[in-house]
Amino acid sequence: MNQSKYFEPEIETLSRQEIESLQLARLQETVKRAANAPYYKKKFEEMGISPNDIKSLADLSKLPFTTKQDMRDNYPFGFLACDKKELVRLHSSSGTTGNPTVICHTKNDIATWANRVARCFYMVGLRNTDVIQNSSGYGMFTGGLGIQAGIEALGAMSIPAAAGNSRRQIKCITDFGTTAIHAIPSYALRLADVFDELGIDPAKDTKLTTFLIGAEPHTEETRRKIEQRFGVKAYNCFGMTEMSGPGVAFECTEQNGMHLWEDSYIIEIVDPQTLEPVAEGEIGEMVLTTLDREGMPLLRYRTRDLTRIIPEACPCGRTHRRIDRIKGRSDDMFIVKGVNIFPMQIEKILMQYPEVGTNYLITIKTENNNDDLIIEVEKGNAPIADPHALCKSITRKLKDELLLTPYVILREKDEIPNAEGKAVRVKDLRSKE
Ligand code: ADP
Ligand code: ZN
């Protein structure tokens, strides 16, 4: 075995049987720990289950699902499974629609998380000679300190640039010889525009080789756009605060699905309505159980993210199963004239056009008792010979994809407002009666 290909060959290439026996041992430990948390203690009593009931991985189905609402209702410490003195850090997600969700970490939790992120970075070819710039916000959000600790665990040089200020980001990239950057995909594309404005060609005038893009849904077309504009390889990274943060699943150099680290998580894909498992390889809601978290273990957490398991073995030799690009969140979907639509279906079409830029906004509004779907997309840098023909062509392709006809409007650059953090793609102006 080529040692240098893997960060932890003894874990990354375990046989299925070995993964499953490791998972069972860790699940039993996790359920025992979880029983110390006030929320699960009560839940186990109500359901009449005890940690001793977990005798096989199939017994996972005896355990309760956990939702974001459960976490909000038991804010902030109802899920805490250890003594507070063991904790060293608290993270929380933004609480725009109610109480934020809070995750508390022990020293070991931080170390295993950092190791997982380092494993992801190593997988895409980053080494201790790399200079990795992190453009995520630091503070309570996990993309800041989570990526930071991963870079340090890898032993690479970190540039904790934090979010925003594109000119300063670019100065860091050029002055410090940044080779890899972690960014939200919508921000990566905005950064490309600022490079253009400054007359710097990121493909020629920087040392960038790698983009680590994640934290929001994006399409293959967006990835390719980022790769072309920067002259880099871009890898999809998936994470969420409830599962610690970045580093839950990450693409390898095959760029075909993200390895989900099965020594740290058990994955289930369920039908979001019935909560029954879907057939192998089918799309459904991803449900995750933590296996190595001490502070706040979570059982069968409903992520609301829609994806599928890619059942085939990966040519890279890693045995941890891959998840497909996230199709969207079950709560992202909107319905217009009876048609179910995910923003990513629209993005996929828009990004096929080199003439358009990267920002777009989907608005749904009611006019004369009719729901209209309006898609505004910004122009790209190159002049457009026939804007009318372009709009018509985009409209036709969208109609084929969505089975209804949207209004497509071309906007000047910067006419569509940019979000501060994750992109806001959908504005639903219909009255909710
Ligand atoms: P983070 O700070 O890591 O973005 P949040 O908890 O705020 O964590 O957001 C997590 C959510 O972001 C996920 O549930 C998912 O919907 C979305 N997300 C994260 N990474 C990706 C990705 N690579 N592709 C698509 N969606 C993603
Ligand atoms: Zn692989």
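I will go through two ligand sites, one helix and two loop residues of this structure.

This is a predicted model, in which local features need pLDDT of at least 70 and side-chain atom pairs count only at pLDDT 80 or more, whereas totals for chains, interfaces and linings use all residues. Residues are numbered from 1 along each chain as its sequence is written, chains are lettered from A and ligands numbered from 1 in the order in which they are written, and side-chain values use heavy atoms, with hydrogens and water left out.

Let me begin with the metal. The zinc ion, ligand 2, has as its protein donors Cys252 (SG), His259 (NE2), Cys314 (SG) and Cys316 (SG), which lie 2.1 to 2.3 Å from it; donors here are N, O and S atoms within 2.8 Å of the metal (3.2 Å for Na, K and Ca), and since water is not among the atoms, sites may look incomplete. The angles among the 4 donor atoms run from 102 to 117°, and the site is tetrahedral, a label given to four donors if all angles lie between 85 and 135 degrees. For comparison, the ideal angle for four tetrahedral donors is 109.5 degrees. Along the sequence the donor residues follow the spacing C-x6-H-x54-C-x1-C. Cys252 and His259 are both buried, where buried means under 20% relative accessible area, exposed over 50%, and partly exposed in between (1.4 Å probe, protein chains only).

Turning to ligand 1, there are 16 residues around it, of which Asn236, Cys237, Thr241, Asp305 and Lys422 come nearest, a residue being near if one of its heavy atoms lies within 4 Å. A polar side-chain atom of Asp305 lies 2.6 Å from an oxygen atom of the ligand, and a side-chain N or O atom of Arg329 is 2.9 Å from an oxygen atom of ligand 1. Taken alone, ligand 1 exposes 550 Å², and the protein buries 89% of that, with areas from the Shrake-Rupley method and a 1.4 Å probe.

Which loop holds Thr241? Thr241 sits between strand E7 (233-240) and strand E8 (245-251), strands being DSSP runs of at least two E residues and helices runs of at least four H or I residues, numbered from the N terminus. Thr241 is buried, at a relative accessible area of 13%. Ala162, in the loop between strand E4 (157-159) and helix H7 (166-176), is partly exposed at 21%.

Finally, helix H10 (residues 220-230) has Thr222, Arg223, Lys225, Ile226, Glu227 and Phe230 as its buried residues, and Gly231, which follows H10, has a positive phi near 65°.

Definitions and conventions. Tetrahedral: all angles 85-135°; square planar, octahedral: opposite > 155°, others 65-115°. Polar contact = N/O pair within 3.5 Å; in protein donor to acceptor, adjacent residues only side chain to side chain.
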